[in-house]
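Colleague: Could you take me through one part of this protein in detail? I would like a close look at how the two assigned domains meet, and then a short tour of a few places around them.

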Amino acid sequence: MSPTSGLVTAHALPSYLQADHLGPWGTYLQQVDRVTPYLGHLARWVETLKRPKRCLIVDVPIELDNGTIAHFEGYRVQHNTSRGPGKGGVRFHQDVTLSEVMALSAWMSIKNAAVNVPYGGAKGGVRVDPRLLSRGELERLTRRYTSEIGLVIGPTKDIPAPDVNTNEQIMAWMMDTYSMNVGETATGVVTGKPVHLGGSLGRREATGRGVFTLGVEAAQHIGLPIEGARLAVQGFGNVGGVAAKLFAAAGARVVAVQDHTGSLYREAGLDVAALLAHVQAQGGVGGFAGAEPLANDAFWGVDCDILIPAALEGQITAANAGQIQARMVIEGANGPTTPEADDILHDQGVLVLPDVIANAGGVTVSYFEWVQDFSSFFWSEDEINARLVRILKEAFAGIWQVAQEHKVSLRTATFIVACQRILYAREMRGLYP
Ligand code: NAD
């Protein structure tokens, strides 16, 4: 032992990384703590998962249409790149914080490892309410943000994608801005692009399709028929809207929905196609004529078989978990359930299909898009959907088995599988220098 080695101790986590920090990052750290006893000798590396590799905070100034200058705060966090380049969406929302983006990036590391796509985890965001911006302002914001994070993103470094309030158009602006800056058209720098611009067929629906596919799979395991099942869906955007449409097509009844504009209820089941058209035209479910309005708090207690949170994190908490009637919760959103609520649901016998596998369909087809961009050879939608379903079902079967083996929740089982893959890669690569 060298004379100084006794002085070298692990440094305490910086305050902003600590578990008692409320919010999604605290939730994530508690999830890692729960899985650590199952990691065997790899637990030696677990600290890696508790610290993001890289956090970039950027100032995003834009000129508003009225001539004034507005500044927004933007982030790009690369949580872990042991298994490959960073991968994860970009969120535009007024409540985005660094700690939220850190948690979302960490869940991307877990999710990408859980479905075994060759990526690490990353996420980005801008603290802005995009609904208050004109189209021109939104484009300037997107382009300036992309330029600012251009230091760390790239087709083999870190590949953004859509998330809350970002879509194909925003991905097209991001791709164009990055391409202008590097002097070549680099379609592989983002996924979730328009199909005519290197995007993939099936990407827009992929997350909702994954929620549906794995929901059906999990329902079979608990003997819950989809035909006639009653569904409640929070968030009726890309993920919730598509999942609701697929479940309804399979014979389920969507009895309740909630989004940022209100909550609705219809015992006989909502007309999902009509509601999607209403949301497209009006920006939210509020004011839809084909249902009764429901008090927002009453949404969680609605009599249903399947509950799909598909909006934001931290929605199912100790305060409302006890009201949940569903037999199964499918987490379309990232981080919708707090650890306390997880325990309550477990005690009530509710099966929770966790985000880190339930909504992995999006990143799986993003991976297909990235592969297609590199090879400049594009697949048919049937081919894409078949490969998606195969990957998700295989991943789910492995996770189900681990859950049975260790008698743990599907969340812990998914974390066991994913953390082992990430930390094995970490160990094999070794530390540099
Ligand atoms: P989106 O912007 O298309 O839709 C978001 C939905 O959430 C909207 O219906 C909105 O009204 C609702 N919402 C926002 N704030 C709300 C509130 N306070 N209460 C109730 N509803 C509220 O976003 P999306 O892409 O559907 O993402 C939804 C969730 O799914 C997020 O957690 C996101 O991280 C996750 N996710 C998305 C993808 C993807 O491919 N888009 C992939 C994996 C996970």
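Modeller: Happy to, and I will begin with the meeting of the domains before turning to some helices and single residues.

A word on the ground rules: this is a predicted model, in which local features need pLDDT of at least 70 and side-chain atom pairs count only at pLDDT 80 or more, while totals for chains, interfaces and linings use all residues. Residues are numbered from 1 along each chain as its sequence is written, and side-chain values use heavy atoms, with hydrogens and water left out.

The domain assignment gives domain 1 as 52-186 and domain 2 as 204-358; such bounds come from an automatic or database domain assignment. Their C-alpha centres lie 27 Å apart. Counting contact as heavy atoms within 4.5 Å, 14 residues of domain 1 touch 10 residues of domain 2. About 960 Å² is buried between domain 1 and domain 2, and carbon and sulfur atoms give 53% of that. Buried area here is the accessible area (1.4 Å probe) that two parts lose on being put together, summed over both. On the domain 1 side, Trp107, Lys111 and Glu168 supply 43% of the area buried against domain 2, more than any other three residues.

The polar side of this interface can be listed too. The rule finds two salt bridges across it, a salt bridge being a side-chain nitrogen of Lys or Arg within 4 Å of a carboxyl oxygen of Asp or Glu. Arg91 forms a salt bridge with Glu313, and their closest N and O atoms are 3.0 Å apart. Three residue pairs between the domains are in polar contact, both at pLDDT 80 or more. A polar contact is a pair of N or O atoms within 3.5 Å; within protein, one must be able to donate a hydrogen and the other to accept it, and residues adjacent in sequence count only if both atoms are side-chain atoms. The elements giving two or more residues to the domain 1 side are β3 (86-93) and α2, and α2 gives the most, with six residues. Helices (H or I, at least four residues) and strands (E, at least two) are DSSP runs, numbered from the N terminus.

Helix α2 (98-114) turns up again beside α1: the buried residues of α1 pack against β2 (69-80), α2, α8 and α12 (410-429). Nine of the 12 residues of α1 are buried, including Trp25, Tyr28 and Leu29. Buried means under 20% relative accessible area, exposed over 50%, and partly exposed in between (1.4 Å probe, protein chains only).

In α8 (residues 339-347) sits Asp342, which counts as buried because its relative accessible area is 14%. Leaving aside neighbours within four places in sequence, Asp342 is in contact with Thr337, Val352 and Arg411.

Helix α6 (residues 238-249) also has a set of buried residues, among them Val239, Leu246 and Phe247. Their cover includes α5 (203-221), β6 (230-234) and β7 (253-259). Just after α6, Gly251 takes a positive phi of about 100 degrees.

Last comes Tyr367, in helix α10 (residues 361-375). Its relative accessibility is 22%, so Tyr367 counts as partly exposed. Not counting residues up to four places away in sequence, Tyr367 touches Val117, Pro118 and Tyr119.
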